[in-house]
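Subject: Structure handover

Hello,

Here is the structure I said I would pass on. Please look through it before reading the notes below.

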Amino acid sequence: MINKQRIIDRFISYITIDTQSDPESQTTPSTKKQWVLARKLAEELEEMGMTEVSIDEHAYVMATLPANVPHKVPVIGFISHFDTSPDFNASNIKPQIIEDYDGLDIILNKEKNIVLSSEYFDDLKQYKGQTIITTDGTSLLSADDKAGITEIMTAMKYLLDNPDIAHGKIRVGFTPDEEIGRGAHKFDVKKFGAAWAYTMDGSQIGELEFENFNAAKAIVRVQGKAVHPGYAKDKMVNSQYIAVDFINSLPRLESPEHTEDRQGFFHLSDIRGDVEETVLEYIIRDHDLGHFKARKEMMQDLASEICSQYENDCISVEITDQYYNMREKIEPVMHIIEIAENAMKAANIEPLLKPIRGGTDGAQLSYMGLPCPNIFAGGHNFHGKYEYVPVESMQKATEVIVKIAELTCEKYK
Ligand SMILES: [Zn+2]
């Protein structure tokens with residue numbers, strides 16, 4: 001139903017435009033080059049016949065597919081991001097298309113001996129017989145999230161070409177700077193005007209996510225007293241030893257490398273220090289809001305406990321919340337998950353509901369008043385040279401978008 005070659009062509013036309021974001025930049029979009037794809041998308045939306053096409057001063061692109069039924073249907077939206085990760089080379093992407101994949105290793109780069117191993121990345125095996133798009137081993141692929149953009153664009157074109165499929169008003173939104181955590185920051189939820197939306201930004205076929213971490217970062221500053229080591233008796237306070245005490249007082253097994261599923265953690269991401277001052281940077285993650293609060297309190301309590309052994313307030317803990325679990329905002333509107341599940345089943349896909357061990361733009365948007373679960377876009381191994389996407393997964397994701405439009409319309413008949 002959804003033309004495979006057209007998906008491939010569209011996808012390649014997007015990934016060959018470099019749109020890498022930059023966390024050091026203070027502007028939105030963080031890099032000028034993101035404008036190139038933003039403008040191209042706006043043009044294509046106009047060309048295919050979408051209405052209310054807009055591109056704002058921060059490069060957020062929005063457009064409307066008008067309803068084709070007389071009855072009232074809630075406005076729904078589909079969102080993805082056009083920037084790519086700053087963690088890996090994203091320029092000069094040279095995709096390779098492997099047709100009728102045999103389930104074995106894929107040589108990405110003969111010269112450099114870079115191989116996508118189906119033993120190591122065993123998710124690959126489920127795509128035997130399909131068409132896989134990979135990198136040439138020198139860059140990422142940027143299926144994250146140009147697969148999502150391809151799917152939304154293709155679905156809108158499909159609905160425009162097939163007016164017999166009944167649907168309500170649909171909004172699409174493409175954002176910059178998701179990879180540096182700012183994709184939702186300047187997203188105009190009011191202007192978007194949807195009752196709910198889906199980000200097309202998940203990984204493997206079937207993924208449907210509406211739970212993510214509650215997240216905070218903590219800066220722990222430990223104050224010491226630097227004195228000449230030769231005259232230090234009873235005078236020197238070495239902040240580094242106090243910092244080590246603090247680190248060892250936190251539960252060592254509650255760390256990223258020892259946890260999975262819904263287990264939370266403390267993650268020590270950076271240490272720098274000398275005798276006078278040591279600074280520790282942590283991130284705190286937990287799906288459960290109560291546990292999340294308890295973790296933050298635990299850090300403060302430990303600090304005062306350790307400080308009580310010294311004369312002054314030698315440790316300060318500064319905690320900033322980053323984002324929250326969207327589950328709280330999705331639970332009151334569970335029908336939006338049901339619609340997505342039913343859409344997947346109608347497309348012969350087994351829905352995989354699982355908690356995200358991270359955050360999404362959708363989580364932030366949910367707290368901004370736009371409930372926004374996340375749906376698979378099909379790619380694997382994001383942010384590196386082993387990234388790949390099966391074309392059939394992009395076809396299926398496109399089909400899911402079309403089905404969601406259809407089922408939402410039916411539900412409110
Ligand atoms: Zn993404």
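The notes below cover the overall fold, the metal site, the cores and one loop residue.

This is a predicted model, in which local features need pLDDT of at least 70 and side-chain atom pairs count only at pLDDT 80 or more, while totals for chains, interfaces and linings use all residues. Residues are numbered from 1 along each chain as its sequence is written, and side-chain values use heavy atoms, with hydrogens and water left out.

Overall fold. The protein has 10 helices and 17 strands (DSSP runs numbered from the N terminus: H or I of at least four residues for helices, E of at least two for strands). Its radius of gyration is 24 Å, close to the 22 Å that the globule rule gives for 413 residues, so the protein is as compact as a globular protein of that length (taken over C-alpha atoms; the rule is 2.2 Å times the number of residues to the power 0.38). Of the 413 residues, 54% are buried (under 20% relative accessible area, with a 1.4 Å probe and protein chains only).

Metal site. The zinc ion is coordinated by His81 (NE2), Asp144 (OD) and Asp201 (OD, listed twice), at 1.9 to 2.6 Å (donors are N, O and S atoms within 2.8 Å of the metal, or 3.2 Å for Na, K and Ca; water is not among the atoms, so sites may look incomplete). The angles among the four donor atoms run from 53 to 148°, and the site is irregular. His81 in strand S3 (residues 76-81) and Asp201 in strand S9 (residues 196-202) are 120 residues apart, so this pair links distant parts of the chain. Both His81 and Asp201 are buried.

Cores. The largest nonpolar core has 69 residues, and those with the most contacts inside it are Phe78, Met156, Phe174 and Ile404 (a core is a set of buried Ala, Val, Leu, Ile, Met, Phe, Trp, Tyr and Cys residues joined through side-chain atoms within 4.5 Å). Helix H3 (residues 143-161) gives the most to this core, with nine residues. Another core, of 21 residues, lies apart from it and includes Phe246 and Met299.

Loop residue. Gln20 sits in the loop between helix H1 (4-15) and helix H2 (34-48). Gln20 counts as buried because its relative accessibility is 18%. A polar atom of the Gln20 side chain lies 2.9 Å from the backbone oxygen of Ser85.

Regards

Methods. Buried < 20%, exposed > 50% of the residue type's maximum accessible area, 1.4 Å probe, protein only. Polar contact = N/O pair within 3.5 Å; in protein donor to acceptor, adjacent residues only side chain to side chain. Tetrahedral: all angles 85-135°; square planar, octahedral: opposite > 155°, others 65-115°.
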